[in-house]
Amino acid sequence: MLIRRIIQAMDWLESIKAGRSIGDIANDQNVSPSYITHNLDLAFLSPRILEAISEGRQAPHISAYQLSKISIPVKWDEQDAIFLS
């Protein structure tokens, strides 16, 4: 579920870069625009975090549900404390 949500966020970001609106993407995906904007931060995870998640080495408290409750820092070094501790 966590990896799927990250991939979705990356796909949404690419669609936005290509000129699609968040509203159009939300309609196509049958989700709310706020769901997309809240999860879009996942497209900006550091390569180190992505590798850890793909290998199942993220912190045990990190789940797709927990990610919906936190704000993800933009700075990669600040992400380590959340995802790898």
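**Close-up 1. Buried and exposed residues of helix H6 (residues 76-83) in a predicted model.** Gln 79, Ile 82 and Phe 83 are buried in H6, where buried means under 20% relative accessible area and exposed over 50% (1.4 Å probe, protein chains only). These three cover an arc of only 80 degrees around the axis, so they sit on the same side of H6; the arc is taken from the directions from the helix axis to the C-beta atoms. Look to the other side of H6 for Asp 77 and Ala 81, which are exposed. The buried residues of H6 pack against helix H4 (47-54) and helix H5 (64-67), with contact meaning heavy atoms within 4.5 Å. Helices here are DSSP runs (H or I, at least four residues), numbered from the N terminus.

**Close-up 2. Helix H1 (residues 2-17) crossing H2.** Two packed helices are described by the angle between their axes and the distance between the axes. Here the axes come within 10 Å and cross at roughly 135 degrees; they are lines fitted to C-alpha atoms over the stretch in contact, with angles running from 0 to 180 degrees between N-to-C directions. H1 and H2 are therefore oblique to each other, a label for angles that are not under 35, over 145 or 65 to 115 degrees. Their crossing is right-handed, meaning that the near helix is turned clockwise from the far one by less than a right angle. From H1, Gln 8, Trp 12, Ser 15 and Ile 16 meet Ile 22, Ile 25 and Gln 29 of H2.

**Close-up 3. H1 packed with H4.** The angle is about 145 degrees and the axes lie 10 Å apart. This crossing is left-handed. Leu 2, Ile 3, Ile 6 and Met 10 are the H1 residues that meet Leu 50, Ile 53 and Ser 54 in H4.

**Close-up 4. Asn 39 in helix H3 (residues 33-39).** With a relative accessible area of 2%, Asn 39 is buried. Its side chain reaches the backbone oxygen of Tyr 35 at 2.8 Å. Asn 39 also touches Arg 5, Ala 9 and Trp 12, leaving aside residues up to four places away in sequence.

**Close-up 5. Asn 30 in the loop between helix H2 (22-29) and H3.** Asn 30 is exposed, at 71% relative accessibility. Phi of Asn 30 is near 60 degrees, a positive value in a residue other than glycine.

**Notes for all views.** Residues are numbered from 1 along each chain as its sequence is written. In this predicted model, local features need pLDDT of at least 70, side-chain atom pairs count only at pLDDT 80 or more, and totals for chains, interfaces and linings use all residues, while side-chain values use heavy atoms, without hydrogens and water.

Terms used:
Helix = DSSP H or I, 4+ residues; strand = E, 2+ residues; numbered from the N terminus. Polar contact = N/O pair within 3.5 Å; in protein donor to acceptor, adjacent residues only side chain to side chain.
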